[in-house]
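Me: I'd like to go through this protein model with you, a bit at a time. Can we do it as questions and answers?

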Amino acid sequence: MPEGHSVRRVAIKFGDNFVGETLAVSSPQGRFGRGAALVDGERAVRSYAHGKHFFLEFENKLTMNVHLGMYGSWTFGGDEQFIQASSIGAPRRIGEQESGDGEDDAAGYLEPPAPRATTRVRLVSRHGYADLVGATICRVLEPAGVAALRSQLGPDPLDPEADPEPFYDACARTSRPIGAVLMDQKAIAGIGNIFRAESLFRAAQNPYAPARHVPAETLRMLWRDNVTLMNIGVELGRIVTTAPEHRPGIPAQRAWREHANYVYLRHGRDCRVCGRDTIVVEDLGGRKLYWCTVCQAGDDAARAA
DNA sequence: TGGTAATGAGCAA
DNA sequence: TGCTCCTTACCAC
């Protein structure tokens with residue numbers, strides 16, 4: 001998916017364009033029909049993200065909750081008062097994160113285009129619209145439901161107020177591999193397969209090491225680095241994790257698939273740091289784990305165990 | 001035209 | 001651990 005940085009961008013986009021507006025909410029596909037009716041015609045009052053969950057709160061105290069899953073995406077469009085049309089969510093090509101090339105002609109905007117057959121939800125304000133497709137979760141929650149959901153999520157590195165202690169505690173309490181704990185949304189919210197792989201590489205940490213054996217200083221480094229990397233993702237709209245010295249002459253804004261990452265999707269290619277053909281892809285908990293067996297060797301016994 | 005993988009996660013067994 | 005759901009793009013045929 002769309003990892004936490006994409007969801008944060010969606011929340012910002014809704015904050016800029018929809019909060020304060022009365023919205024027409026519909027479900028062209030029909031699979032969100034009842035939920036849409038609960039908030040249709042209500043004024044949006046707050047937009048926020050927690051990890052990979054997006055929340056849009058309405059004046060009637062109900063909240064639309066969306067999780068994009070692996071393939072979900074939002075498409076936006078509108079008139080000149082609507083901030084830059086774009087789509088945010090699942091990429092359409094490896095390395096491509098978001099597109100702003102839309103068919104939406106801002107100058108000629110009168111009303112939204114006909115929705116696709118798969119459009120789960122459409123929200124329309126005076127100046128623009130948002131279409132959702134492919135989400136794994138799209139529902140309306142009461143305040144208690146929002147609280148219950150958020151209580152199950154770990155701290156979010158993109159939240160400036162977040163306290164990382166629960167993440168450190170979760171690591172201290174388990175012998176699961178650190179590479180698995182980083183993907184556990186109850187331990188830390190918003191990290192997906194790319195930030196997992198890239199932050200472990202940057203920390204030179206073996207992904208298979210039991211979390212409770214990872215030094216406290218390394219855990220603090222992992223938290224801080226994810227804060228940094230995810231904020232870059234929010235700013236750029238794409239995940240760029242390479243340091244400038246590892247993509248010589250190429251600015252982050254133009255670091256596409258050739259230069260954006262260290263290990264993600266780079267198995268079988270030379271490692272940017274050790275220079276050797278040591279990046280592998282393996283299965284960890286049903287997801288693909290990319291890592292450099294030299295740079296992240298650490299305690300090799302941990303992996304054999 | 002069909003198979004497959006993709007930044008996810010809940011569920012049954 | 002493996003199955004399921006959601007959608008799209010790309011690739012081989």
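Reply: Sure, here come some questions about the domains and the salt bridges.

This is a predicted model, where local features need pLDDT of at least 70, side-chain atom pairs count only at pLDDT 80 or more, and totals for chains, interfaces and linings use all residues. Residues are numbered from 1 along each chain as its sequence is written, chains are lettered from A in the order in which they are written, and side-chain values use heavy atoms, with hydrogens and water left out.

Me: Which domains does the domain assignment give for chain A, and what separates their centres?

Reply: Domain bounds here come from an automatic or database domain assignment. In chain A, domain 1 covers 4-151 and domain 2 covers 165-304. Taken over C-alpha atoms, their centres are separated by 30 Å.

Me: What area do domain 1 and domain 2 bury between them?

Reply: Buried area is the accessible area (1.4 Å probe) that two parts lose on being put together, summed over both. Carbon and sulfur atoms hold 67% of it here. For domain 1 and domain 2, the value is about 1,200 Å².

Me: How many salt bridges are there between domain 1 and domain 2?

Reply: Side chains of opposite charge can pair when their charged atoms come close. The rule for a salt bridge is a side-chain nitrogen of Lys or Arg within 4 Å of a carboxyl oxygen of Asp or Glu. Searching the whole structure turns up 10. Between domain 1 and domain 2, though, the count is 0.

Me: Why does the pair of aspartate 156 and arginine 8 tie together parts that are apart in sequence?

Reply: These two form a salt bridge, with the closest N and O atoms 3.0 Å apart. Helices (H or I, at least four residues) and strands (E, at least two) are DSSP runs, numbered from the N terminus. Aspartate 156 sits in the loop between helix H3 (143-151) and helix H4 (165-172) and arginine 8 in helix H1, so the parts tied together are apart in sequence by 148 residues.

Me: Arginine 46 forms a salt bridge with glutamate 57, but is glutamate 57 buried or exposed?

Reply: Buried means under 20% relative accessible area, exposed over 50%, and partly exposed in between (1.4 Å probe, protein chains only). Arginine 46 has 41% relative accessibility, so arginine 46 counts as partly exposed. Glutamate 57 has a relative accessible area of 17%, which means glutamate 57 is buried.
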